Amino acid sequence: MSAQGGKLNSRTSPTDIPVYLVKAPPMARTTPAAVPKGCRCLFVNPDVFNAFIREQSTGDGRLGLNARYVLTFMLLHEVGHLAKKTTGAEFEDGNLSELNIDPSLAKASEEDADEFAADLIKALMQRKKASDETLEATAVSMELSKLSWNMQAYRTLDQFGALAVGKPEVFFDKNLSHPNLHWRVLRMNHLIQGSSDTKMLLDTFEDARRRGANPEPLYDPSKK
Ligand SMILES: [Zn+2]
């Protein structure tokens, strides 16, 4: 992976975190944003990020996404990795390695970083005195709700019937290092909003996942 861009801000202080715009080789397994191992910095891959936004906002019933706020959340997640010292995306020839740490530890680190970002958004939104940060945090939270809506449209329309059986392709984790992205978004929304609705959405997803892990016939053929 090659560093293309420079630091976002030319006036840096020791607490600043440099963000590098990077490009991965075609077909490389990679991610929109990452903290590379051994670096107090962030990698953002604009091509992969734009493809993510396209994928998540294209299709029946999808809402347009404001990429700026989705990126803000992703960056906060990565800062969460730095804050909790659970960094270390390892790249080999531009490919993200899934197996550099124990899979369960990797997933727990992802959940921790999500929690860091969600807690920060929530705290900013709940500030008594409204500021620019409050408005920005609210905008990020709204974007996460829209992302969740779009994912719901994918599961309901594109994957009709998947909920009933907990179709593994939809409800299980896609790889060893990251929990299922749909589940993560539902969980983050619940961490931020904490409403009975966000809880119900999360529970419904987790119930489906349990059904998928323990498949039972949809009907009992012995009963007429
Ligand atoms: Zn992460």
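Select Met27 to begin: in this predicted model, Met27 is exposed, with 8 other C-beta atoms within 10 Å. Met27 sits in the loop that joins β2 (19-23) to β3 (33-34). Its phi is near 70°, a positive value in a residue other than glycine.

Next, select Lys85, in the loop between α2 (67-83) and β5 (90-92). Here too phi is positive, at about 55°, although Lys85 is not a glycine. Is Lys85 buried or exposed? Lys85 counts as exposed because 8 other C-beta atoms lie within 10 Å, and the cut-off for an exposed residue is 12 or fewer.

Turn now to the interior. In soluble globular proteins, nonpolar side chains tend to be buried together. The largest nonpolar core has 20 residues, and the members to select are Phe73, Ala117, Ile121, Val140 and Leu144, which touch the most other members. Display α2, α3, α4, α6 (168-171) and α7 alongside them, as these are the elements that give two or more residues to this core. Which of them gives the most? That element is α3, with five residues.

Centre the view on Ile121. Leaving aside residues up to four places away in sequence, Ile121 touches Ala137, Val140, Ser141 and Ile192. A second, separate core has ten residues; select Val35, Leu42, Val44 and Ala89, which are among them.

From Ile192, extend the selection to helix α7, residues 181-193. This helix has 13 residues and reaches 18 Å from its first C-alpha to its last, close to the 18 Å expected at 1.5 Å a residue. Which residues of α7 are buried? They are Val185, Leu186, Arg187, Met188, Asn189 and Ile192. An α-helix has 3.6 residues a turn, so residues three or four places apart point the same way. To see what surrounds the buried residues of α7, show α3 (103-125), α4 (132-158) and α8 (196-213), against which they pack. Just after α7, select Gly194, where phi is positive at about 55°.

Continue into helix α8 and select Thr204. Thr204 counts as partly exposed because it has 14 C-beta neighbours inside 10 Å; a residue needs 20 or more to be buried, and 12 or fewer to be exposed. As a last step, add Thr30 to the selection and draw a distance between the two C-alpha atoms: Thr204 and Thr30 are 174 residues apart along the chain, and their C-alpha atoms are separated by 30 Å.

Conventions
Residues numbered from 1 in each chain as written. Predicted model: local features only at pLDDT ≥ 70, side-chain atom pairs only at ≥ 80, totals over all residues. Helix = DSSP H or I, 4+ residues; strand = E, 2+ residues; numbered from the N terminus. Expected span 1.5 Å × (residues − 1). Contact = placed C-beta atoms within 7 Å. Core = buried A, V, L, I, M, F, W, Y, C linked by C-beta atoms within 7 Å.
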